[in-house]
Amino acid sequence: MMTNSTNNNKNSALTSFRQRLGKIESEFLENNQRFQQQTLLDVTTLMLKMKLDQIKQLKTDIFNYNSPHFTNEYRILEGQCSKLQSDLDVLDLSGREDLRKERKDALMFVGELAEKLGKKGHADGRSCGECEI
Ligand SMILES: [Zn+2]
């Protein structure tokens, strides 16, 4: 037969086990929630990084463009500038204040690239006989 003291010890051991379990469980749930949020946030970061990589490539292509003529390549580069700008515009950054500056900077940079490309073509903006379009 158990004494009251043994019973109390057993009860308190059980209580402390339940408390520990409860603590572990709530920590697990917290971590899991944080992990899920992290995964979602990473997708946004990844998409922005992907655009930044494309911008880097576009920068190289525009810097290497070496003709005053409006060629097919020129139009493609021009189109890539617009596409990147609209892709960045529609990127959902809700709750990601940390990425807004990066996007703003990226948009400004693409704007500058488009301007640089524009300066490479004929100053009057008109096609000549040697232009492709
Ligand atoms: Zn021309």
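The pLDDT is the predictor's confidence in each residue, on a scale from 0 to 100.

**Figure 1. Overall fold and confidence of the predicted model.** The protein contains three helices and zero strands, and along the sequence these elements follow the pattern α-α-α. The mean pLDDT of the protein is 84, and 80% of the residues score at least 70. Confidence is lowest in helix α1 (residues 4–64), where the mean is 76, and highest in helix α2 (residues 72–90), where the mean is 97. Of the 133 residues in the protein, 8% are buried.

**Figure 2. Close-up of helix α2 and its buried residues.** Helix α2 comprises 19 residues and extends 27 Å from its first C-alpha to its last, close to the 27 Å expected at 1.5 Å a residue. Y74, Q80, C81, L84 and L88 are the buried positions shown in α2. These residues lie on the same side of α2 because they cover an arc of only 115° around the axis. On the other side of α2, the exposed residues are N72, R75, I76, G79, S82, S86, D89 and V90.

**Figure 3. Close-up of the crossing between helices α2 and α3.** Two packed helices are described by the angle between their axes and by the distance between those axes. Here the axes of α2 and helix α3 (residues 97–120) come within 10 Å and cross at roughly 165°. With angles over 145 degrees counted as roughly antiparallel, this crossing makes α2 roughly antiparallel to α3. The crossing in which α2 passes α3 is left-handed.

**Figure 4. Close-up of helix α3 and its buried residues.** The 24 residues of α3 should span 34 Å at 1.5 Å a residue, and the 36 Å between its end C-alpha atoms agrees with this expectation. Within α3, A106, V110 and L113 are buried.

**Figure 5. Close-up of V110 and Q80.** V110 belongs to helix α3. A residue counts as buried if 20 or more other C-beta atoms lie within 10 Å of its own; V110 has 23 such atoms and is therefore buried. Q80, which is buried in α2, has its C-alpha atom 9.5 Å from that of V110, although the two residues are 30 residues apart along the chain.

**Figure 6. Close-up of E102 and L48.** E102 is also part of helix α3. With 17 other C-beta atoms within 10 Å, E102 is partly exposed, because this class lies between the limit of 12 or fewer for exposed residues and that of 20 or more for buried ones. The C-alpha atoms of E102 and L48 are separated by 8.5 Å, and the two residues are 54 residues apart along the chain.

Definitions and conventions:
Residues numbered from 1 in each chain as written. Predicted model: local features only at pLDDT ≥ 70, side-chain atom pairs only at ≥ 80, totals over all residues. Helix = DSSP H or I, 4+ residues; strand = E, 2+ residues; numbered from the N terminus. Expected span 1.5 Å × (residues − 1). Arc of directions from axis to C-beta. Axes fitted to C-alpha atoms, helices over the stretch in contact; angles between N-to-C directions. Parallel < 35°, antiparallel > 145°, perpendicular 65-115°, else oblique. Left-handed = near helix turned anticlockwise from the far one by under 90°.
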